[in-house]
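Student: I am new to this structure and would like to go through it by question and answer. Can we start once it is on display?

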Amino acid sequence: MAHEQAFFNPVTRTLPDGLGLRAFCTETARIAVGCLHAELVLYPKPGLVSLVDNGSHADMNAATFMRSMFSLRHYFARICRAGFDDAPFAVLRQLGIDAEVRMLGATAGINTHRGAIFSLGMLCAAIGRARAQAIAPEGDSLRAVMLVRWGEDLTAHTRPANARSHGLQVADRHAASGAREEGALGLPSVFGVGLPALRRTLAAGRGMHHARIDALFALMAHVSDTNVCYRGGAQGAATVRRQAAGFVDMGGTAHPGWRAYALECHRILVAQKLSPGGAADLLAATCLVHAVAHP
């Protein structure tokens with residue numbers, strides 16, 4: 001697609017064993033930012049900001065996301081290095097807090113990538129830790145590294161004392177899972193839903209654009225998204241899951257009418273001001289895991 005031009009191709013970009021540590025962390029960060037960019041430029045993408053339109057959002061656009069991504073480029077390298085150095089979770093958490101401050105400064109206070117700071121940040125830390133332990137960054141191994149090294153802390157982080165973020169309030173009200181719960185469980189939606197959907201489409205020969213679309217809709221159908229629940233309550237969440245499940249059930253991008261269905265889904269979600277931002281963050285995380293895995 002003409003509007004989908006990432007600065008590199010995450011399908012073929014891997015992490016060569018011969019890179020020095022600093023170059024390795026820098027390259028990991030480049031891939032992470034590239035995966036956020038790949039999510040931004042994807043279209044059709046129901047309710048979400050793209051280069052084509054602002055989706056369900058009146059307060060942000062593609063330029064907002066680009067400024068946010070640029071502000072995060074050093075964070076991903078730093079947290080990758082922290083993982084390599086076997087840093088405790090408190091250090092990773094502080095790096096994430098600092099990254100969020102920079103993000104909000106770059107976007108005039110708009111939350112574009114809070115969930116991605118957490119999920120992609122933890123993946124970058126796991127990639128660094130896997131490098132230190134000479135473990136190939138395959139999907140299952142990355143998840144294991146994350147849970148073995150920081151699993152207890154991630155579980156504790158799921159319900160921090162006195163935290164009253166929108167995400168936690170919505171999770172209490174609707175039993176929705178957000179970035180914290182995903183992290184506590186080792187990003188199960190990435191490894192068990194997004195990644196298999198993406199790789200099935202690639203194996204069928206339909207290319208990365210189609211693979212990302214299929215992965216996004218699979219995640220939308222599966223994830224109980226706090227972003228959606230906050231905007232539309234239980235009814236809004238049911239609408240997103242129903243629309244996404246319909247896309248998956250019809251065969252996704254294998255169906256000749258997939259694009260028309262996706263565009264109609266986009267229209268429905270925009271009309272109801274629904275935005276599956278959690279699924280979008282998990283899509284970027286899915287792309288990161290796929291991109292760094294050794295071929």
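Student: Which residues does A184 touch, not counting residues up to four places away in sequence?

Tutor: This is a predicted model. A184 has its place in helix 8, residues 179-184. With a relative accessibility of 11%, A184 counts as buried, because buried means under 20%. Leaving out residues up to four places away in sequence, A184 touches L147, L154, T155 and T158.

Student: How far apart are the C-alpha atoms of A184 and G151?

Tutor: Along the chain, A184 and G151 are 33 residues apart. In space, their C-alpha atoms are separated by 6.4 Å.

Student: What are the elements of the protein chain, and how many helices does it have?

Tutor: From the N terminus on, the elements run α-α-α-α-α-α-α-α-α-α-α-α-α. The protein chain has zero strands, and its number of helices is 13.

Student: What share of the 295 residues in the protein chain is buried?

Tutor: A residue counts as buried when its relative accessible area is under 20%. By that cut-off, the buried share of the 295 residues is 54%.

Student: Is S119 buried or exposed?

Tutor: S119 lies in helix 5, residues 114-132. Beyond the residues up to four places away in sequence, S119 touches L187, D281 and A285. Its relative accessibility is 4%, so S119 counts as buried.

Student: Why is helix 10 described as largely enclosed by the rest of the structure?

Tutor: Helix 10 has 16 residues and reaches 23 Å from its first C-alpha to its last, close to the 22 Å expected. Its buried residues include H209, I213, D214 and F217. Helix 10 is largely enclosed because the number of its 16 residues that are buried is twelve.

Student: How do the axes of helix 10 and helix 13 cross: parallel, antiparallel, perpendicular or oblique?

Tutor: The axes of helix 10, residues 207-222, and helix 13, residues 277-292, come within 9 Å and cross at roughly 130°. The crossing is right-handed. Residues of helix 10, among them M208, R212 and L216, meet residues of helix 13, including A279, L283 and H290. The angle of roughly 130° makes helix 10, relative to helix 13, oblique.

Student: Where do the buried residues of helix 12 lie, seen down its axis?

Tutor: In helix 12, the buried residues are W258, A262, C265, H266, I268 and L269. Seen down the axis, these buried residues fall within an arc of 165°, so they line one face of the helix. The face turned away from the buried side carries the exposed residues A260 and A271. The buried residues therefore lie on one face.

Student: What is the span between the end C-alpha atoms of helix 12?

Tutor: Helix 12 covers residues 258-271, which is 14 residues. At 1.5 Å a residue, they should span 20 Å. The distance between the end C-alpha atoms agrees, at 20 Å.

Student: Which residue with a positive phi follows helix 12?

Tutor: Most residues other than glycine have a negative phi. In the loop between helix 12 and helix 13, one residue has a positive phi, near 55°. This residue is exposed, with a relative accessible area of 53%. The residue is K273.

Student: Is the peptide bond from Y43 to P44 cis or trans?

Tutor: Most peptide bonds are trans. P44 is found in the loop between helix 1 and helix 2. The omega of the bond from Y43 to P44 is near 0°, and the bond is cis.

How values were computed:
Residues are numbered from 1 along each chain as its sequence is written. This is a predicted model: local features need pLDDT of at least 70, side-chain atom pairs count only at pLDDT 80 or more; totals for chains, interfaces and linings use all residues. Side-chain values use heavy atoms; hydrogens and water are left out. Helices (H or I, at least four residues) and strands (E, at least two) are DSSP runs, numbered from the N terminus. The expected span of a helix is 1.5 Å times one less than its number of residues. Buried means under 20% relative accessible area, exposed over 50%, partly exposed in between (1.4 Å probe, protein chains only). The arc is that of the directions from the helix axis to the C-beta atoms. Axes are lines fitted to C-alpha atoms, for helices over the stretch in contact, and angles run from 0 to 180 degrees between N-to-C directions. Angles under 35 degrees count as roughly parallel, over 145 as roughly antiparallel, 65 to 115 as roughly perpendicular and the rest as oblique. A crossing is left-handed if the near helix is turned anticlockwise from the far one by less than a right angle, and right-handed if clockwise. Contact means heavy atoms within 4.5 Å.
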